[in-house]
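Biologist: I would like to learn how to read a protein model, one feature at a time. Could you walk me through it with an example?

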Amino acid sequence: FSLSILCDGTPTTAGSITTISSVVYQAYPYGIEINMPKCLFTDAGGNISGGARMKESAPFRCSYDSTLTSELGIYLVNGTASYA
């Protein structure tokens, strides 16, 4: 399976754009996108039985993807020019 995780910081209020179809776009000063194009489960799940709530883990690992020549890709956005 493939997995992508996208986390964005608080949007800036300056620079908002509203399109003709009323879609509002805002700039995000901080964000990270983690792409894992090829993941493999490392353990089988538990048995489903009964009517109670179930909590199940799904352990997996990233596998090498020859098209990206890596296991995962990380794209980091940082709008802060300096932390001095």
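Modeller: Gladly! Let's begin with Ser-4, which has a relative accessible area of 54% and therefore counts as exposed, since the exposed class starts over 50%. Please keep in mind that this is a predicted model.

Biologist: Where does Ser-4 lie, and which residues does Ser-4 touch?

Modeller: Ser-4 lies in strand E1. Leaving aside residues up to four places away in sequence, Ser-4 touches Ile-34 and Asn-35. The C-alpha atoms of Ser-4 and Ile-34 are separated by 5.6 Å, although the two residues are 30 residues apart along the chain.

Biologist: I'd like another pair to practise on. How far apart are the C-alpha atoms of Gly-45 and Ser-57?

Modeller: They are separated by 7.4 Å, with the two positions 12 residues apart along the chain as the sequence separation. Gly-45 is found in the loop between E5 and E6, and its relative accessibility of 55% makes Gly-45 exposed.

Biologist: Now the aromatic rings. How many aromatic pairs does a search of the whole structure find?

Modeller: The search finds two. In one of them, Phe-1 with Phe-60, the ring centres are 5.5 Å apart and the planes meet at 70 degrees, so the pair is edge-to-face. That label applies because planes over 60 degrees apart count as edge-to-face. The pair links distant parts of the chain: Phe-1 sits in the segment before E1 and Phe-60 in strand E6, 59 residues apart.

Biologist: Which residues do the ring pairs link into a cluster?

Modeller: Phe-1, Phe-41 and Phe-60 are linked that way. Phe-41 lies in strand E5, residues 39-41. From Phe-41 to Phe-1 the C-alpha distance is 8.7 Å, with the two residues 40 residues apart in sequence. Setting aside residues up to four places away in sequence, Phe-41 touches Phe-1, Ala-58, Pro-59 and Phe-60.

Biologist: What kind of surface patch do Phe-1, Phe-41 and Phe-60 make?

Modeller: They make a nonpolar patch of about 310 Å². To read a patch, look at how accessible each member is. Phe-41 is exposed at 54% relative accessibility. Phe-1 is partly exposed at 42%, and Phe-60 is also partly exposed, with a relative accessible area of 33%. A patch member needs over 30% relative accessible area.

Biologist: Let's turn to cysteines. How many disulfides does the structure hold?

Modeller: The structure holds zero. Cys-7 is in no disulfide, and the nearest cysteine sulfur, that of Cys-62, is 15 Å away. Cys-7 is partly exposed, at 41% relative accessibility.

Biologist: Why is the sulfur of Cys-62 not in a bond with the closest cysteine sulfur, in Cys-39?

Modeller: The two sulfurs are 4.4 Å apart, too far for a bond. The cut-off to apply here is within 2.5 Å. As for its surroundings, Cys-62 counts as partly exposed, at 21% relative accessibility.

Biologist: I have seen exposed and partly exposed residues. Is Ser-63 buried or exposed?

Modeller: Ser-63 is buried, because its relative accessibility is 15% and buried means under 20%. Ser-63 has its place in the loop between strand E6 (60-62) and strand E7 (73-78).

Biologist: Which residues does Ser-63 touch?

Modeller: Not counting residues up to four places away in sequence, Ser-63 touches Lys-38, Leu-40, Ser-70 and Glu-71.

Biologist: One last feature, the backbone angle phi. What is the general idea?

Modeller: Most residues other than glycine have a negative phi. Ser-22 is a case to look at here: its phi is positive, about 65 degrees, although Ser-22 is not a glycine.

Biologist: Where is Ser-22 found?

Modeller: Ser-22 is found in the loop between strand E2 (17-18) and strand E3 (24-25). With a relative accessible area of 58%, Ser-22 is exposed.

Biologist: Thank you! I'll go back to the picture and look for each of these.

Key: Residues are numbered from 1 along each chain as its sequence is written. This is a predicted model: local features need pLDDT of at least 70, side-chain atom pairs count only at pLDDT 80 or more; totals for chains, interfaces and linings use all residues. Side-chain values use heavy atoms; hydrogens and water are left out. Patches are made of residues with over 30% relative accessible area and no salt bridge: like charges are joined within 9 Å, nonpolar side chains (Val, Leu, Ile, Met, Phe, Trp, Tyr) within 5 Å. Accessible areas come from the Shrake-Rupley method with a 1.4 Å probe; for residues, only the protein chains shown count as cover. A salt bridge is a side-chain nitrogen of Lys or Arg within 4 Å of a carboxyl oxygen of Asp or Glu. Buried means under 20% relative accessible area, exposed over 50%, partly exposed in between (1.4 Å probe, protein chains only). Helices (H or I, at least four residues) and strands (E, at least two) are DSSP runs, numbered from the N terminus. Contact means heavy atoms within 4.5 Å. Rings of Phe, Tyr and Trp (its six-membered ring) pair if their centres lie within 6.5 Å; planes under 30 degrees apart count as stacked, over 60 as edge-to-face and the rest as tilted.
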